[in-house]
Amino acid sequence: MSQANVIQPHRFADARNALRHVFVHDLELAASIGVYTYEKIEKQRIRVNLDLSVREDDASMIEDDIANVVCYEKVVSAIRELVDAGHVNLVETLAERIAALCLKDRRVSLARVRVEKLDVFPDATSVGVEIERVQPCP
């Protein structure tokens, strides 16, 4: 098998491609999520993990200024607002909405989002979905 046919995992931080890794790990929130009636009545615990590959046009231009980077505080606030906005039936839908929110910033070239429901099965730590989405071509 040739090297070109081997699928390589995405490297979020990659100096050769001028990419920085911005991440949020293990963000726990109470969400109104699920298809069953009882899930629409009571919020349940979810965990969100997010890995963003961010373009570094010129790393020296950061100048120690938060305005020049993808701010994880703003990302977390936006995810909280999204979760608080109302009921969602599927973890897949929530993951897609979070990815779309992150890709609004044109510096984000790729978003990997994992959404887990934490209290579904007593014998499983979590269940959920992980997606990966890329910045659409201009």
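Me: Which residue in β2 is the bridge partner of Leu-27?
Reply: In this predicted model, Leu-27 has Val-48 of β2 as its bridge partner.

Me: Nice. And how do β1 and β2 pair, over how many bridges?
Reply: β1 and β2, the latter being residues 44-55, pair in the antiparallel sense over 11 bridges.

Me: What does the whole sheet look like, and in which order do the strands come?
Reply: Four strands make an open sheet, ordered β1-β2-β3-β4, with antiparallel pairing. The edges are β1 (19-31) and β4 (127-134), each of which pairs on one side only. From one strand to the next, the twist averages 10 degrees.

Me: Which strands does α2 touch?
Reply: α2 packs on the sheet and touches β1 and β2. The direction of α2 makes about 35 degrees with that of β1.

Me: And α3, what does that one touch?
Reply: α3 also packs on the sheet, where β2, β3 (108-117) and β4 are the strands it touches. Its direction makes about 155 degrees with that of β3.

Me: Switching to charges: how many salt bridges are there?
Reply: The count comes to nine. One of the pairs is Asp-26 with Arg-47, whose side chains meet at 3.8 Å, N to O.

Me: Why does that pair tie together parts that are apart in sequence?
Reply: Asp-26 sits in strand β1 and Arg-47 in strand β2, so the pair links parts that are 21 residues apart in sequence.

Me: OK, pockets now. How much space is in the second largest pocket?
Reply: About 210 Å³. The pocket is lined by 15 residues, and those closest to its centre are Val-70, Cys-71, Lys-74, Val-75 and Asp-105.

Me: Which elements give two or more residues to that lining?
Reply: Those are α2 (72-84) and α3 (91-103). α2 gives the most, with three residues.

Me: And how do the lining residues of that pocket divide into nonpolar, polar and charged?
Reply: For the second largest pocket, the lining has 11 nonpolar residues, four charged ones and no polar ones.

Me: What about closed spaces, how many cavities of 30 Å³ or more does the structure hold?
Reply: It holds one. The largest cavity has a volume of about 30 Å³.

Me: Which residues line the largest cavity?
Reply: The lining consists of Ala-31, Ser-32, Ile-33, Val-83, Gly-86, Val-88 and Leu-94. Five of these lining residues are nonpolar and two are polar, with no charged ones.

Definitions and conventions: Residues numbered from 1 in each chain as written. Predicted model: local features only at pLDDT ≥ 70, side-chain atom pairs only at ≥ 80, totals over all residues. Heavy atoms only, no water. 1 Å grid on protein atoms, 1.4 Å probe; cavity = no way out; pocket = protein on both sides within 12 Å on 5 of 7 lines; lining within 4 Å. Points joined across faces, edges and corners; volume = space filled by probe spheres on them. Nonpolar A, V, L, I, M, F, W, Y, C, P; charged D, E, K, R; others polar. Pairing = 2+ DSSP bridges. Axes fitted to C-alpha atoms, helices over the stretch in contact; angles between N-to-C directions. Contact = heavy atoms within 4.5 Å. Salt bridge = Lys/Arg side-chain N within 4 Å of Asp/Glu carboxyl O.
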